Amino acid sequence: MIRLSESRLSDKELAFIQIAFEKGEVSFYGDNIQGFESDIENLIGRESYVACTNSGTSAIHLALILCGVQSGDEVICQSFTFFATAAPILYQGATPIFIDSEEDTWNMSPIHLEKAIKERISRGKKPKAIIAVHLYGMPAKIDEIVKITKSYEIPLIEDAAEAFGSKFKGEYCGGFGDYGILSFNGNKIITTSGGGALICRTQKGRERAVFYASQSRDVSSHYQHSVVGYNYRMSNILAGIGRGQIQSLANNVLARRENHRFYRDIFQSSKVRVLKEPSNHYFSNHWLTCIIVEPEKTGFSRDDIRIALQEENIESRILWKPMHLQPIFSESSYFGEEVAENLFNLGLCLPSSSILSVSDKQKILSVLMRFFE
Ligand SMILES: *Cc1c(COP(=O)(O)O)cnc(C)c1O
């Protein structure tokens with residue numbers, strides 16, 4: 001089976017775990033947590049203070065808590081994304097307001113974002129936070145989004161779960177918002193088996209995050225709690241996997257960009273569109289290579305491709321179903337048109353593992369060539 005997105009562990013990860021075992025640091029304290037957090041801080045640069053978490057989802061939840069999001073508040077969120085971006089809004093009892101994508105990067109449309117902010121403010125409901133996503137590794141129009149969020153003084157959370165290693169104008173994704181989040185789930189560009197990180201802009205913000213992520217324990221000789229807390233920290237064992245994995249990040253980015261080049265060459269002379277960087281300001285890790293197939297132009301559909309791949313044991317996946325079309329969000333407000341909806345109806349993610357081999361590519365190529373005959 002050729003999978004959509006697989007990672008590979010090396011001996012480096014085992015070495016870090018070994019040390020943790022020897023030192024008896026198997027829980028939430030130890031060198032690996034500190035080491036992994038400073039590895040991420042050094043990579044992202046800017047003002048970055050990192051708290052590692054047990055998932056990307058919990059990092060988003062913590063970011064919302066730190067933005068002061070409470071029951072009854074409204075949070076603006078990109079509609080075209082994976083459910084984990086939006087679900088933590090509900091954990092806080094808040095209400096999401098969904099925003100359509102733009103055509104260039106498939107991420108949050110700055111135009112509809114500003115429309116939504118204006119409309120909500122005119123109704124006396126200023127949004128408490130904004131969540132923008134760098135989906136499939138493609139950086140969003142983050143300079144425009146930052147400008148808007150700053151001018152209305154609303155905190156920005158950057159969901160860079162799929163975009164570790166991606167850059168906009170030479171700066172890493174996760175470094176632009178008031179908070180950035182990463183995921184190290186099994187299918188992401190690097191993995192800790194499961195895990196995530198919250199990137200804060202101040203040391204104090206990081207300390208608050210660690211406080212909430214470790215059961216909100218007050219400073220006291222006994223166990224005392226004044227606010228609700230969570231069990232969201234990453235274990236020192238998994239941080240050891242992360243320390244090894246982050247050394248492979250640059251190579252994984254290279255490999256995935258190479259996969260993207262492979263698919264672009266295949267589809268170059270066809271009517272199938274491949275998601276690509278709109279200009280040299282954008283540097284995508286190309287976590288997944290995605291295509292758009294318009295049957296009236298191509299004579300075949302994305303499902304024809306999907307099924308043909310499946311028959312050869314090759315996995316592909318329909319693009320994320322936008323949040324404003326999800327049953328759970330059927331009552332939610334939405335600003336935009338049909339960009340995200342069209343992507344969902346026409347798009348497909350192709351196998352993009354960092355370990356995709358030459359023979360895997362040969363097999364994929366032979367299936368795809370059939371569509372051009
Ligand atoms: C994977 C992912 C998350 C959540 O990460 P987990 O570590 O799986 O909780 C959040 N947002 C996006 C866009 C993702 O792809």
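This briefing covers the ligand site and the two largest pockets of the structure. The model is predicted. The ligand is surrounded by 15 residues, and the protein buries 94% of the 380 Å² that the ligand exposes when taken alone. The largest pocket has a volume of about 290 Å³, and the second largest holds about 250 Å³.

**Ligand site**

- Among the 15 residues around the ligand, the closest are Thr57, Asp159, Glu162, Ser183 and Lys188.
- The side chain of Thr57 places an N or O atom 2.5 Å from an oxygen atom of the ligand.
- Ser183 also faces a ligand oxygen atom, with a polar side-chain atom 2.7 Å away from it.
- Asp159 pairs with a nitrogen atom of the ligand instead: an N or O atom of the Asp159 side chain is 2.7 Å from that nitrogen.
- Taken alone, the ligand would expose 380 Å², and 94% of this area is buried by the protein.
- Two elements give two or more residues to the shell around the ligand, namely helix 3 (56-66) and helix 4 (83-91).
- Sorted by class, the shell consists of eight polar, four nonpolar and three charged residues.

**Largest pocket**

- The volume of the largest pocket is about 290 Å³.
- Its lining is made up of 17 residues, and those nearest the centre of the pocket are Arg264, Arg273, Val274, Leu275 and Lys276.
- At least two lining residues come from each of helix 9 (249-267) and strand 10 (273-274).
- Helix 9 makes the biggest contribution to this lining, with four residues.
- The lining of the largest pocket contains eight charged, seven nonpolar and two polar residues.

**Second largest pocket**

- About 250 Å³ of space is found in the second largest pocket.
- This pocket is lined by 13 residues, with Phe28, Tyr29, Val210, Ser214 and Arg233 closest to its centre.
- Helix 2 (31-44) and helix 7 (203-213) each provide at least two residues of the lining of the second largest pocket.
- By class, nonpolar and polar residues number five each in this lining, and three residues are charged.

Conventions: Residues are numbered from 1 along each chain as its sequence is written. This is a predicted model: local features need pLDDT of at least 70, side-chain atom pairs count only at pLDDT 80 or more; totals for chains, interfaces and linings use all residues. Side-chain values use heavy atoms; hydrogens and water are left out. A residue is near a molecule or strand if one of its heavy atoms lies within 4 Å of it. A polar contact is a pair of N or O atoms within 3.5 Å; within protein, one must be able to donate a hydrogen and the other to accept it, and residues adjacent in sequence count only if both atoms are side-chain atoms. Accessible areas come from the Shrake-Rupley method with a 1.4 Å probe; for residues, only the protein chains shown count as cover. Ala, Val, Leu, Ile, Met, Phe, Trp, Tyr, Cys and Pro count as nonpolar, Asp, Glu, Lys and Arg as charged, and the others, Gly among them, as polar. On a 1 Å grid over the protein atoms alone, a cavity is a set of points where a 1.4 Å probe fits but cannot get out, and a pocket is an open set with protein on both sides within 12 Å along at least five of seven lines; lining residues have an atom within 4 Å of a point. Grid points are joined across faces, edges and corners, and a volume is the space filled by probe spheres set on the points.
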